[in-house]
Amino acid sequence: MTERTLRDADTPIRILLVDDHTLFRRGLTALLSRDPGLQVVGDAADAGEAQRRAASLQPDIILLDNHLPGVSGIDALPALREAAPHASVLMLTISEDENDLAAALRAGACGYLLKTMEGEALASAIHRAMRGESVVASEMTGKLVAVYRQAAAAPPGDAPVAGCAADTAGNGALSPRETDILRGIARGDSNKQIARDLGIAETTVKIHVQHILRKLGVSSRVQVAVIAVERGLT
């Protein structure tokens with residue numbers, strides 16, 4: 001059982017903000033403080049400071065901008081994951097470029113969010129990330145699938161799109177119902193939407209999703225989408 005699954009449900013999610021704009025960090029801190037389940041425990045303006053703060057604070061979530069002075073957020077990702085191995089790193093950026101999306105996922109980001117999103121949606125995404133769910137901006141869904149298709153078609157030896165903790169995906173066989181749900185996850189559908197499309201209860205979908213994660217040996221819906229592409233189910 002991991003440290004994350006053992007955390008008290010009443011304990012706020014501890015967040016480190018990494019962005020070179022002071023006003024943005026202050027505004028985001030004030031915005032996230034409206035949610036009692038979230039706590040900004042620190043911030044940083046560049047990659048070096050972010051690495052030091054991540055090591056000392058050991059946050060649950062790191063919200064990381066890509067456009068930092070000196071070293072970009074994506075290039076800083078491996079060092080941040082090493083400094084805080086239990087943290088989920090979520091890119092929070094203005095870039096809608098699919099190359100940035102691919103590079104972030106390869107470097108180990110657990111999500112890719114846009115600064116144009118609403119505050120409530122960001123808070124929801126952070127909570128979902130802590131549950132191991134996909135937190136890729138809806139505007140990036142089509143590009144996400146395209147990136148995964150490119151990775152699946154890449155010649156042997158090319159670096160795959162790894163995502164968060166995607167090092168070891170199992171090859172578990174799925175039932176026909178689980179395969180249907182796998183397709184829905186790859187489309188970016190919510191459990192509610194999948195339940196509506198398949199005519200089953202949302203709680204049933206949640207149970208199937210847990211079975212899919214276990215069978216495939218992964219921990220997030222983003223990784224499930226990768227496998228769906230690899231199996232030609234999108």
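This tour visits a loop, a single helix residue and a pair of packed helices in a predicted model.

**Stop 1: Asp65**

Begin by selecting Asp65, which sits in the loop linking β3 (61-64) to α4 (73-83). Its relative accessibility is 3%, so Asp65 counts as buried, the cut-off for that class being under 20%. Display the side chains of Asp65 and Lys115 together: a polar contact of 3.4 Å joins them. Next, show the wider surroundings of Asp65. Setting aside neighbours within four places in sequence, Asp65 is in contact with Val18, Asp19 and Asp20, with Gly73, with Met91, Leu92 and Thr93, and with Lys115.

**Stop 2: Asn66**

Move on to Asn66, in the loop between β3 and α4. Is Asn66 buried or exposed? Asn66 counts as buried because its relative accessibility is 10%. For the polar geometry here, select the side chain of Asn66 and the backbone nitrogen of Ile74; the side chain reaches that nitrogen at 3.0 Å. With neighbours within four places in sequence again left out, the contacts of Asn66 are Ser72, Gly73, Ile74, Met91, Thr93 and Asp100. Gly73, Met91 and Thr93 are among the residues that Asp65 contacts, and Asn66 contacts them as well.

**Stop 3: Ser124**

Select Ser124 in helix α6, which covers residues 119-130. Ser124 has a relative accessibility of 35% and therefore counts as partly exposed. Add Val135 to the selection and draw a line between the two C-alpha atoms: they are 9.2 Å from each other, and the two residues lie 11 residues apart along the chain.

**Stop 4: Helices α9 and α10**

Finally, select residues 191-198 for α9 and residues 202-216 for α10. Two quantities describe such a pair: the angle between the helix axes and the distance between those axes. In this model, α9 and α10 pack at an angle of about 110°, and their axes are 8 Å apart. That angle makes α9 roughly perpendicular to α10, because the range for this description is 65 to 115 degrees. The crossing of the two helices is right-handed.

Which residues of α9 and α10 meet? Show Asn191, Lys192, Ile194 and Ala195 on the α9 side, then Glu202, Val205, Lys206 and Val209 on the α10 side. Colouring this contact by residue class gives 4 nonpolar, 1 polar and 3 charged residues.

How values were computed
Residues numbered from 1 in each chain as written. Predicted model: local features only at pLDDT ≥ 70, side-chain atom pairs only at ≥ 80, totals over all residues. Heavy atoms only, no water. Axes fitted to C-alpha atoms, helices over the stretch in contact; angles between N-to-C directions. Helix = DSSP H or I, 4+ residues; strand = E, 2+ residues; numbered from the N terminus. Parallel < 35°, antiparallel > 145°, perpendicular 65-115°, else oblique. Left-handed = near helix turned anticlockwise from the far one by under 90°. Contact = heavy atoms within 4.5 Å. Nonpolar A, V, L, I, M, F, W, Y, C, P; charged D, E, K, R; others polar. Buried < 20%, exposed > 50% of the residue type's maximum accessible area, 1.4 Å probe, protein only. Polar contact = N/O pair within 3.5 Å; in protein donor to acceptor, adjacent residues only side chain to side chain.
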